[in-house]
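Reader: I am new to reading protein models, and I would like a careful look at one part, with each term explained as it comes up.

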Amino acid sequence: MSVQPAPKTFKPEPGADEAAEIQSAEDEELARQLLEDPVGAAKRVHARFASDVNRLVWRLLGSDPDHNDIVQQVFFKVMMNGRRLRDPSRLGAWVQSITVNTVYEELRRRDVRRIFARDWYPIEFHHDLVRDVEARDLLKRARSVIDKLPAKERIVFMLHFVEERPLYEVADLCGYSLATAKRRLGAANRRFQSLITNNPDLVRLLRQKAEET
Amino acid sequence: MTEPIISSRLFGKLMREALGAGPSRVTLAAQRARLIAAVSREMGRRSSHRPGWLFAAALTAAAAAACLLLVWSGGLRDDTVRVTFRGSPVTESAAVETKPAEAQPLAFSEGSEVTLASATQAELSRLTPKTADLRLKQGRLLANIRKNTGLTWTIAVGPYSVRVVGTRFSVDWDRDQQHLQVAVREGRVRVFGGDLPGDGVALDAGSRLDRRYGVVRSEPAPKPDPAPVSTPAAREATRAPGNPAPAIAMPNLEPSWLGLATKGKYRDALALAEKQGFDQLTLTLPENELVTLANAARFSGDSDRARRALLKLRQRFPGRPAAQLGALYLARVAEDVEKKPTEALRWLRVFLQESPTGDLAASARTSLMNILLNTGDAQGARAIAEDYVRYHPNGRHLSQARALLAQPRLR
């Protein structure tokens, strides 16, 4: 999947304030530096977006062992494709869109590998996920369900329910119409319910965790 | 419409909480350094290709010469894989070996690593950008093969060969007994040759192949049957070593307790471990597998076995990170399963003494604060809260610790 232009229909947060305007001006300046001096801009781009990109990849893939490689791909695409950004003030949205696309491509590759190579890979986590063992166990079981969702549905599901993005934002980030995003989310939801019904251990664990929290 | 069994929103919330904030600052710093290096490299590469007809002509000539050289040299590529052993480069056909009580890694530049255990002899029989062939002559090796590097791996062992894509596994070969053991921890391998079926035998994570050339070996070893050998399996089992079996022999592929534990089937894993001798396993397993065994017992609610495994872990591997983790798990067993807060306090303090600033220390301090508060030791909880604020300024329970410190001291 090629790098997409920044989403055009991204709705601004209600009451976009002065801080957002300053941020937008800084992003414009950063986008210009991206074109003129990519090496010099690399440090600033990473400082500006490392937290957003890492959080998004972390949540979409569920602390994947390939996390660092995927984040690297995202930033590399950002650095090398600066001239494709049409509106420099929308640098932030563009970076997020590239992040979602890169994760989607990775999931598609894994889907294809699973079909053709019939390889089975155990569920592994990034070495930074050192939380308590119970949380790891919950994640491991949750990933065994999430990994079974097709890439298109998984991205929408994770963006909406884990990353808590409203549906119109999900649609923009994925390059879908709102109707398509709704349809994908509906399909993902149905498939998720069907998968989780066959996994009583996970249901019990989730209920227990929900009571604890 | 029926009520969902678990709402997707609740699932998302629990996933979010379990995942936490993301990678550590150290990881982010490493990412940044790697990005800057990659961008500099790429920009340097691009800037060295300036347009201009003279430059373009020179470039074309250079490219043509490079192509000729490439053809002449039989496809030599600059992504040549380099191998080092004891810090020195290893060339094709070189033999490598380790002494008794010594283990040495054979490091490949594409990221894979093959560790030769003690008294092991091996040979790097072939190395190209697409192929890495090793021959294990005697002993044991543990392989950690990186995926998707474009390199095809084969490990030749006596009459067998193990073909690998990307995985972690070990191969044992006793040359005198013609005895092969392959244990796969991750990924998948296929074993060919010897008296195995023509298309080989695939081994998944957690599977183990135990084979004497010509004889299937099972655990426990089969007793000799006085009755005439009638079934093919029985004939197979009683065939003498050194007398190769026909190519239809099936190997012994049993699910292992480790494979079951890795898949989250803790009760089954524990039952199988019990059959194999739980106490014996705690004496012989490597540290990571012993942690897995202890956790299988813990998650199965078998606190007694969990404690035995964890105590053995601490006794056998003192000072190791796994042993430190063992103290934390012992605390969890005492707190959650056995409901012994005093015991839990003791182990939490041991853990924090051994690992005061480790990644799990925040979680341990939170447990400690809660137990102390529940047992009425407000002063003790305050002391831990002070430590929490000092060591974990971004911790999840910082507000709880601060609230505790804000409370007036009891006299």
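Reader: Which pattern does chain A follow when read along the sequence? After that, please look closely at strand β9 of chain B: how many of its residues are buried, and which strands do the bridges join to β9(B)?

Author: This is a predicted model, in which local features need pLDDT of at least 70 and side-chain atom pairs count only at pLDDT 80 or more, while totals for chains, interfaces and linings use all residues. Residues are numbered from 1 along each chain as its sequence is written, chains are lettered from A and ligands numbered from 1 in the order written, and side-chain values use heavy atoms, with hydrogens and water left out.

Read along the sequence, chain A follows the pattern α-α-α-α-α-α-α-α-α, with 9 helices and 0 strands; helices (H or I, at least four residues) and strands (E, at least two) are DSSP runs numbered from the N terminus. Of the 213 residues in chain A, 52% count as buried, where buried means under 20% relative accessible area, exposed means over 50%, and partly exposed lies in between (1.4 Å probe, protein chains only). Chain B, by contrast with the strand-free chain A, has 14 helices and 16 strands, and buried residues make up 42% of its 411 residues.

Strand β9(B), your chosen part, spans residues 160-164 and is mostly covered, as 4 of its 5 residues are buried. On one side of the pairing, 5 bridges join β9(B) to strand β8(B), residues 152-157, and the two run antiparallel; strands are taken to pair if DSSP finds at least two bridges between them. Within this pair W153(B) stands opposite V164(B), and in the hairpin that β8(B) and β9(B) form, with 2 residues between the strands, G158(B) takes a positive phi near 50 degrees. Another 5 bridges join β9(B) to strand β12(B), residues 188-193, again in an antiparallel arrangement.

One residue lets us follow β9(B) in detail, namely S161(B), which is found in this strand. S161(B) counts as buried because its relative accessibility is 17%. Opposite S161(B), in β12(B), stands F192(B), and F192(B) also appears among the residues that S161(B) touches, together with T154(B), I155(B), A156(B), R190(B) and V191(B), if residues up to four places away in sequence are not counted; contact here means heavy atoms within 4.5 Å. It helps to remember, as you turn the strand, that in a regular strand the side chains alternate between the two faces of the sheet.

To set beside this strand residue, consider a helix residue of chain B, A385(B), which is found in helix α13(B), residues 378-391. At 0% relative accessibility, A385(B) counts as buried, and, leaving aside neighbours within four places in sequence, A385(B) is in contact with M369(B), A401(B), L404(B) and L405(B). Between A385(B) and R365(B) there are 7.7 Å in space, C-alpha to C-alpha, although the two are 20 residues apart in sequence.

Sequence separation can also be followed for whole chains: in chain B, 46% of the contacts between residues at least 6 apart in sequence join residues at least 24 apart, and in chain A residues 24 or more positions apart account for 71% of the contacts with a separation of 6 or more.
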